[in-house]
Amino acid sequence: MAEAHTAAQQSHGGGHVTVKTYINVAVALAILTAIEVATLYTPGIPHTLLVSALLFMSALKFFLVVGFFMHLRYDSPIMRALFVGPLIIAIAIILALLALLGAFILLPRHVP
Amino acid sequence: MPGTQAAKTQGVLWSWLTTVDHKRIGILYGSSAFIFFLIGGIEAIIMRLQLARPDNTLVSAQTFNELFTMHGTTMIFLAVMPFSASFFNYMLPLLIGARDVAFPRLNALSYWIFLSGALFINAGWLFGVAPDGGWFGYANLSSTQFSPTHSIDFWMLGLQILGISSMLAGFNFIVTIINMRAPGMTLMRMPLFVWMSFVTQFLLVLAFPAITVALILLMFDRFFGTLFYAPSAGGDPLLWQHLFWIFGHPEVYILILPAMGIVSEVLPTFARKPLFGAPFVIFSGIMIGFFGFGVWSHHMFSVGMGPVADSAFSIATMLIAVPTGVKILNWIGTLWGGSIRFRSPLLFSLGFIAMFTMGGLSGIMHASPPVDLQQTDTYFVVAHFHYVLFGGSIFGLFSGIYYWWPKINGRLLDERLGKWHFWLMLIGFNMTFFPQHFLGLIGMPRRIYTYAPDLGWHFWNMVSTIGSLIIALSFVVFIVNVVKTMRSGTPAGPDPWDGRTLEWSIPSPPPVYNFAIEPTVHDRDEFWLQKNGDGHGGKPASRPRAATPQDIAAIHIPPPSHWPLVLALAVAVMVSGLLVSTYQIIVGGLLTLFCMYRFAMEHHRPAAGHGH
Amino acid sequence: MADHTATHAVHDPNLGTTGLDHRKMGMWIFLGSDCMFFGSLIGTYLSYKGKSLSGPGPHDVFNIPLTSYSAALLLASSLFMVLALTRLNENRIRAAAFWLFATAAFGLHFVLNQVYEFATFALDEGLTLSTSLFGSSFFVLTGFHGAHVTGGVLWLSILMVLALRGKLDRRDYTKVEIAGLYWHFVDIVWIAIFTIVYLIP
């Protein structure tokens, strides 16, 4: 039993996240979601600002879940690298793909 | 007694079907790879015979399409990749001083899923609908409108299955390399083959999802009426090309990095010098892997992406030649001033360096879009990629085969036959593919099944065909060598080459547990250090003490399991159901879930004394 | 010391030389590769956004209140998941089983909402896989996410049953932890899809 407990502790790194922290994170996630939806329905926000705000808030939610619920904030840097590296590559490739397929008007294309 | 002999054979067969030993799985991969290599080679020979003369009628245009599709698909996915996998499986644990991989049953599962994928793709031949859309299956030729038979489906579904196999193996080896190195083996003390394999595993797990999505979109178009690649609905066939090459370019580094890793092991051994600039070679490998994700559209210079995109990918492609060049210089630096023994493994590595460099030079030419516009879709490209994939990967892999054969089989291959193999292969290879540069530049397109007599292409095509027959002859020599030495070759002993790394410190073939005593590592060339000291007057490192029977008895060997095999079969039933009936998909799917459950639960709450 | 005696203490075969659990490491790299998978699907969706030739568009059919509710379900289920894990670590098995049940139940509710959404799109709005690029890319992207959720619900249900039958306890922390990682990942993919597909106009 003690051995299993040590194994669990070793595996999930130094920090010990309490139930209270988890609930705080959950509340933050709920609030962010509510703000997101409210922002969507607020009239008169310029498009670029709206999109940036929505992306920013969802990124925040993303990192809250990854950092706290998935415990990555407290885990070994190896685990962080194994996830964050591929994540960065995935985002970069999505952006390149969009640019190449004309989703943003970034790249002038041949008009035959 | 016939009864006991049959029972014994059955026992042996069952032990192979249920093995979770990385060494046996390596042998399974290697044997399968060789068989598919021969099949791919026969497909190539038939093509070359067809192209030897103008207006030839050996095979029809349709058959020719099937041949080049299957040759490419087979050589890439069923030959080079599993050859590399056989070395990952057999050698990686030995090179890092480990007793097995992190997930032995998952390892076996990867093999059986690979085999089912390989058979699935080739099943098209049996039903008269072999895949015929090219190994890259461009949309929308691959749509049901233009490919109404199941040919594309065999290819598409087979590749999906193979992708699962590769990704599972990737997860396994990444964890193994990070988490199972012998004490003292820091990342920078890992042998080069381990490093290059490590980078390759990341490429596998990050590139295959892209082709998985490309194939899923195709599958939905073909089976469920979606419009992803349908121009009539606004769909863009270029989406396929982008997703495919986002996979496809890292894939070529997947094909070459392991071979580069092998060369980086062989050269120091046969030059009796450490690898020159090893940290630079390592760093270059990492750079190649990482930047390999940024060059994919150099396969698409002719589709009209626009000058900005073309330039960006052109520059990135030229830049990626730099780390490759660094490696080549470091390999030459390793040989320079070394005490060189020209044995077969070294010959193949030297062949690799020369041939791969030539392939790299034609590759650099392709990196320029205006130049590539002349070269793309001609035999110039065919020459380029055969120089890097055959001249590179195959020569490199055979260097590994001759190098590690004694360790795996306990017997040396015949050195004279090895040299005959090398020279015939080198001459045949160059005779086959060098003229294809000329053919490309004088206008011969790819993927044509014949050509008119007045184009002036016939001479070099004939030369190329004769070269291909010489290549075939070289492999006959290899097969003779294997057969001759399998039972009666000279016993190799643990260290036939006076090697530098840990695999040479254990018997040949290794015992099931690899290392009786877990080694402690002080250097990249740990075994050399143990034998000879550090060359600066320091004493040799102490060797592990002799093992006692108690040491051996305490080693835990993972037990065999039939679940990998059964789960792989369930997956095959489920996927092939797409070509048979919905009922089969459902049954296969339920079976797959059931097998996954049993696989996962097999060691849950084991008998006392086994830990968890 | 170059050698290790045979009477070395029994070690956990799941822990590697870094002190980290193999299975947890394997799950993280799997999730990394799944980022590429969903990234490619999202990239496809975004490339085709606004390019459909016919059929209803996203903002003709989306039910933002329902989808927001579904998003909330998944976020809540992630909380339940970490509670399950915490209780398991305290060896409070029945509580852990309860929270596993809650996680799976909310996940199932999410899937059922999606089934309802797909059905209304197909039957009421005339949007199917073959209607348009939007139909194709929407259903495939969210469908594969839904399939991931369904797989997770099954996995968690099995863990719950094992717990109730006394076959799961604190020793199995890592096994439940990795199920949790998978579950949270499915949640964060939804965070991305919710914003990128449903919210951004």
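This report walks through a predicted model with chains A, B and C, from overall confidence to chain contacts, two helices and a few backbone oddities.

**Confidence**

The model comes with an ipTM of 0.94 and a pTM of 0.95. Chain C has an average pLDDT of 93, and 95% of the residues reach at least 70. The start of chain C is another story: residues 1–9 stay under 50 in pLDDT, and the model gives this stretch 12 contacts beyond four places in sequence. Where pLDDT is low, the predicted coordinates shouldn't be read in detail.

**How the chains touch**

Let's start with chains A and C. Here 44 residues of chain A meet 47 residues of chain C. On the chain A side, helix 1 (2–11), helix 2 (19–41), helix 3 (47–69) and helix 4 (77–100) each give two or more residues. Helix 4 of chain A gives the most, with 13 residues. Sorted by class, that side of chain A holds 33 nonpolar, 8 polar and 3 charged residues.

Now for chains C and B, where 36 residues of chain C are in contact with 43 residues of chain B. Helix 1 (22–47) and helix 5 (133–164) of chain C each put at least two residues into the chain C side. The largest share, 12 residues, is from helix 1 of chain C. By class, this side of chain C breaks down into 16 nonpolar, 15 polar and 5 charged residues.

**Inside chain B: two domains**

Chain B splits into domain 1 (18–543) and domain 2 (566–602). Their C-alpha centres are 30 Å apart. Contact between them involves 12 residues of domain 1 and 9 residues of domain 2. On the domain 1 side, helix 4 (104–126) and helix 5 (151–179) of chain B are the elements that give two or more residues. Helix 4 of chain B gives the most, with 6 residues. The class count for that side of domain 1 is 7 nonpolar, 3 polar and 2 charged residues.

**Two helices of chain B**

Helix 7 of chain B covers residues 237–271, which makes 35 residues; at 1.5 Å a residue it should span 51 Å, and its end C-alpha atoms are indeed 51 Å apart. There's a bend of about 30° in helix 7 at B:Trp245. This helix is mostly covered, with 33 of its 35 residues buried.

Helix 17 of chain B runs over residues 563–576, and the same kind of check works: its 14 residues should span 20 Å, and its end C-alpha atoms are 20 Å apart. Of those 14 residues, 12 are buried, so helix 17 is largely enclosed by the rest of the structure. Among the buried ones are B:Trp563, B:Pro564, B:Met574 and B:Ser576.

**Backbone oddities in chain B**

Most residues other than glycine have a negative phi, and most peptide bonds are trans. The table lists some places in chain B that go the other way.

| Site | Feature | Angle |
|---|---|---|
| B:Ala139 to B:Asn140 | cis peptide bond | omega about -5° |
| B:Ser508 to B:Pro509 | cis peptide bond | omega near -10° |
| B:Arg272 | positive phi | phi near 55° |
| B:Asn514 | positive phi | phi about 65° |

Where do they sit? B:Asn140 is in the loop between helix 4 and helix 5 of chain B. B:Pro509 belongs to the loop between helix 14 (458–488) and helix 15 (526–532) of chain B, and B:Asn514 is also in the loop between helix 14 and helix 15. B:Arg272 comes just after helix 7 of chain B, in the loop that leads to helix 8 (278–291).

The two positive-phi residues have their own surroundings. B:Asn514 counts as buried because it has 22 C-beta neighbours inside 10 Å. B:Arg272 has 14 other C-beta atoms within 10 Å, so it is partly exposed.

**A buried aspartate in chain A**

Last stop: A:Asp75, in the loop between helix 3 and helix 4 of chain A. Its 20 C-beta neighbours inside 10 Å make A:Asp75 count as buried, the cut-off being 20 or more. A:Asp75 lies 19 residues from A:Phe56 in sequence, and their C-alpha atoms are 24 Å apart in space.

How values were computed. Residues numbered from 1 in each chain as written. Chains lettered and ligands numbered in written order. Predicted model: local features only at pLDDT ≥ 70, side-chain atom pairs only at ≥ 80, totals over all residues. Helix = DSSP H or I, 4+ residues; strand = E, 2+ residues; numbered from the N terminus. Expected span 1.5 Å × (residues − 1). Bend = angle between axes of the 7 residues up to and from the residue. Contact = placed C-beta atoms within 7 Å. Nonpolar A, V, L, I, M, F, W, Y, C, P; charged D, E, K, R; others polar. Domains from an automatic or database assignment. pLDDT = per-residue confidence, 0-100.
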